[in-house]
Each structure stands twice: as structure tokens, then as C-alpha cells.
Amino acid sequence: MTLLSTTQSKFIIILVLVGFLTYGVVLQNGFVWDDFDQVVNNKGVHSLSNIGYIFSGSTFNSGGADKLVGVYYKPLMPFSFAILYSLFGPNAVFFHGFQLLIHIANALLLFLFLRRYLKDWSAFIASL
């Protein structure tokens, strides 16, 4: 028994290709806007030894200050930044590539979810 039909597999390939063709251009861009505060100037994400710090505050770094501020508690964002920074340093390609993969994965998950309730074409169009 296969989990996906040939048509569904083709839809998944198309979703991945459209995602890369549409948003792949971001891979050639550097850091912009809040990337400097969130990644480049945020010493808290420059080392995995700061995990306690990352999980103790908000999501946003306040202009290079040594504390996380704001009303949002979303520690997975700075945690993923810390992993990427520890592996690749301040190289924007890897940060943008990670975000691109997350968006494509979300489109695929949406398709896989919707195909249980809709016809394949409808699930594909909604995911696209």
C-alpha cells in the first residue's frame, strides 16, 4: 500500500519547485531590517551556550542590548537562530534557506492535511 498516489506525488514536487522558483531569490540577499537586531547584533544567539537566556525572555532583541524584550514568547525562533549561527556564522544564505524550507514544508503539510478532506486538485490549489 502506498501512502501517496502518483498524482499526489506530482503535486508535492510541483509545490516544492514553485516554492523554490518563487522565493529562492532570497538566497542571494544579505541580512535586512530586523535581521541585524535579531541575528547579527544579538549576542544571545551567537552561541548555543545561551540556551537558558533564549528560553527566559521574549523573541525580540532590543537593538543589540543584552536582553530579549517584547510581549512574544517564541523561543524557537532565537533558538533556531542560535543553531544556524553556531553552524554557519553570520551567513545570510543559511538563515534565508532555513526560512524557505520552513515555508515549503508548511505548504506540503497543508496539502497533506487537505487531501484527506478535499479532492487532490482542490487540496493542491489551496496549498499553492
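The crossing of helices α4 and α5 is right-handed. The model described here is predicted. Helix α4 spans residues 76–88 and helix α5 spans residues 92–114. Their axes come within 10 Å and cross at roughly 135°. That angle makes α4 oblique to α5, because only angles over 145 degrees count as roughly antiparallel.

The contact between the two helices draws on named residues from both sides. From α4 come S80, F81, L84, Y85 and F88. From α5 come F94, F95, F98 and Q99. By class, the residues of this contact divide into seven nonpolar and two polar. None is charged.

Aromatic pairs recur in the model. The structure holds nine of them. In one, the ring centres of F31 and F95 lie 5.5 Å apart, with the planes at 65°. The pair is therefore edge-to-face, since planes over 60 degrees apart fall in that class. This pair links distant parts of the chain. F31 sits in the loop between α1 and α2, whereas F95 belongs to helix α5. The two are 64 residues apart. F31 is buried, at a relative accessible area of 14%. F95 is also buried, with a value of 5%. F95 is in addition one of the α5 residues that meet α4.

A second edge-to-face pair joins W121 and F124. Here the centre-to-centre distance is 6.1 Å and the angle between the planes is 85°. Both residues lie in helix α6, residues 120–127. They are three residues apart, about one turn of the helix. Their accessibilities fall into opposite classes. W121 has 57% relative accessibility and so counts as exposed, the threshold being over 50%. F124 is buried, with a relative accessible area of 6%. Ring pairs link W121 and F124 with F11 and F111 into a cluster.

F111 also appears among the contacts of Q8. Q8 is found in helix α1, which covers residues 6–23. Its relative accessible area is 9%, so Q8 is buried. Neighbours within four places in sequence aside, Q8 is in contact with L3, F111, R115 and D120. F111 thus takes part both in the contacts of Q8 and in the aromatic cluster, because its ring is linked through pairs whose centres lie within 6.5 Å.

Conventions:
Residues numbered from 1 in each chain as written. Predicted model: local features only at pLDDT ≥ 70, side-chain atom pairs only at ≥ 80, totals over all residues. Heavy atoms only, no water. Axes fitted to C-alpha atoms, helices over the stretch in contact; angles between N-to-C directions. Helix = DSSP H or I, 4+ residues; strand = E, 2+ residues; numbered from the N terminus. Parallel < 35°, antiparallel > 145°, perpendicular 65-115°, else oblique. Left-handed = near helix turned anticlockwise from the far one by under 90°. Contact = heavy atoms within 4.5 Å. Nonpolar A, V, L, I, M, F, W, Y, C, P; charged D, E, K, R; others polar. Buried < 20%, exposed > 50% of the residue type's maximum accessible area, 1.4 Å probe, protein only. Phe/Tyr/Trp six-rings, centres within 6.5 Å; stacked < 30°, edge-to-face > 60°.
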